[in-house]
2 protein chains.
Amino acid sequence: MLIDVTDLADPRLSDFVGLRDAQLRRREERFIAEGLTIIERAFAAGCRPRALLVQPRWLPGLAPLLEAWPRVPVYVASEGFIEQVSGFHVHRGALGSFDRPAEAGWDDVLAGRRLIVCEDTVDHANLGAIVRVAAGLGWDAVLLSPGAADPLYRRAIKASMGASLELPWRRLEGDHELERLRAAGFRLVATTLSDRSVDLADYRAGDRVALLLGTEGSGLSEGWTARADDHVRIEMTDKVDSLNVAAAAAIFAYALR
Amino acid sequence: MLIDVTDLADPRLSDFVGLRDAQLRRREERFIAEGLTIIERAFAAGCRPRALLVQPRWLPGLAPLLEAWPRVPVYVASEGFIEQVSGFHVHRGALGSFDRPAEAGWDDVLAGRRLIVCEDTVDHANLGAIVRVAAGLGWDAVLLSPGAADPLYRRAIKASMGASLELPWRRLEGDHELERLRAAGFRLVATTLSDRSVDLADYRAGDRVALLLGTEGSGLSEGWTARADDHVRIEMTDKVDSLNVAAAAAIFAYALR
């Protein structure tokens, strides 16, 4: 259902207003896909569209996807209009609002053999990159501490190249839920530079691995470090203090896949 | 030499005006360090300071570094003033302007055994992350195609955690300079999904490796791919098309270190 829009205050555009506020959006029932590629991935992942806001140039490409959703409003506007509504420069002028899918159930998560568990990863680009690498290297799911960013925030989905919509993920209610993983046979592997850390090159992973990644600034908390079964480090030179968490995730996910 | 500044048009602040324009700054003889940590790294790397623009709160920490440079002007201003001059939100209100160090000479570059060569890496965060991982994992130098971003641009230095100031790097004059590497005994290893790509897990690196990384959108060019001695891929699922270039760099740099 194509609808031309020209009024910035049009109440039908409420899904697309003020998209820069990540905190606000996390509480909502929808997520925003930015750019045609991510919109296509959202459809492919079976997400239910609420509305689209796009430049006319994308309509031919979207037509086949929209055939199954004849009642979904497709608001058509100029690139400048879209930017003014959303409050940021929209990548190639295409936004989709979709119902937020449910998080993965514990059964699904625990059926896997390789899990990444992010403690307070707050940067959306880092979180998206971690989800992308997990999906690309065959890890089964991502778990998130209560303080970690939202993998369905627009920029995290984009950094994940849409993998946030495909890979099972779930938010932990608290640190105690790490014990669920252990009870299910996962070894909790802390990525940390502690006294007892083993070099990654020498570490032999068990059948089930839950890789604990720390927050950007200060790494894993003492609590999580203490809960871990194994401490593993990437051998490094003294030229840098640490690697970026997404780079470290890539190396661990590759070495322990 | 402490100088209070309150006039946004003060001509002495010219080093710090309009810092958001990466293209402009690349042609200049200076680079900008943002935040106290990076300023400290610039001093530690032996870079010559031109001027600082900082909040009063950082003066005690900077005093020992400035003892050797009594004539360097240290402009003191509020966080809001610094933001207005520079045109962006300055991380914790501290900027340093330093003379741009010379690029590494070919002799230094060719004395190494592990080189990363970036073809048109345009994103400063990616380039910084690549330099950081190269430094952290003991690679010897980074080379850049003419179209790649500047590792001394403010945001690239920051993403590298200052490693751009320590790790030798050099910009190639053109594709033909790849032959210098081959002539010096380096194998040119293309990170690419081609018909003849070997899985990274099966690849045995030679004594000297020059790892060719492609641009963010489309990967290595046909020209660079054709020049490579070996084609190597990271085995992936079909859930994503590719990994982020910095994530791929981390995995290759770890596996071939």
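In helix 8 of chain A, which spans residues 178–183, R182(A) and E179(A) sit 3 residues apart, so about one helical turn separates them. In this predicted model, their side chains pair up in a salt bridge, with 2.9 Å from N to O. Neither partner is tucked fully away: R182(A) is partly exposed at 28% relative accessible area, and E179(A), at 30% relative accessibility, also counts as partly exposed.

A second salt bridge, this one in chain B, joins R233(B) to D199(B), with an N to O distance of 3.9 Å. Here the pair ties together distant parts of the chain, since R233(B) belongs to strand 12 (residues 230–233) and D199(B) to strand 10 (residues 198–199), 34 residues apart. That distance still makes the cut, because a salt bridge is counted when the nitrogen lies within 4 Å of the carboxyl oxygen. R233(B) is partly exposed, its relative accessible area being 30%.

Back in chain A, R12(A) and D10(A) also meet through their side chains, in a salt bridge of 2.8 Å from N to O. The two ends of this bridge fall into separate exposure classes. R12(A) is partly exposed, with 41% relative accessible area, whereas D10(A) is buried, at 12%. The label for D10(A) follows from its 12%, because buried means under 20% relative accessible area.

Salt bridges in chain A also join up into a network, made of D15(A), R30(A), R48(A), R50(A) and D99(A). Taken over all chains, the tally of salt bridges comes to 32.

Turning to helix packing, chain B offers a neat case. Two packed helices are described by the angle between their axes and by the distance between those axes. For helix 2 (residues 36–44) and helix 3 (residues 59–66) of chain B, the angle is about 5 degrees and the axes are 11 Å apart. Helix 2 and helix 3 of chain B are therefore roughly parallel to each other, because angles under 35 degrees count that way.

As for who touches whom, helix 2 of chain B brings L36(B), I39(B), E40(B) and F43(B) to the contact, and these meet L62(B), L65(B) and L66(B) from helix 3 of chain B. Sorted by character, the contact residues come out as 6 nonpolar and 1 charged, with no polar ones.

Terms used: Residues are numbered from 1 along each chain as its sequence is written. Chains are lettered from A and ligands numbered from 1 in the order in which they are written. This is a predicted model: local features need pLDDT of at least 70, side-chain atom pairs count only at pLDDT 80 or more; totals for chains, interfaces and linings use all residues. Side-chain values use heavy atoms; hydrogens and water are left out. Buried means under 20% relative accessible area, exposed over 50%, partly exposed in between (1.4 Å probe, protein chains only). Helices (H or I, at least four residues) and strands (E, at least two) are DSSP runs, numbered from the N terminus. Axes are lines fitted to C-alpha atoms, for helices over the stretch in contact, and angles run from 0 to 180 degrees between N-to-C directions. Angles under 35 degrees count as roughly parallel, over 145 as roughly antiparallel, 65 to 115 as roughly perpendicular and the rest as oblique. Contact means heavy atoms within 4.5 Å. Ala, Val, Leu, Ile, Met, Phe, Trp, Tyr, Cys and Pro count as nonpolar, Asp, Glu, Lys and Arg as charged, and the others, Gly among them, as polar.
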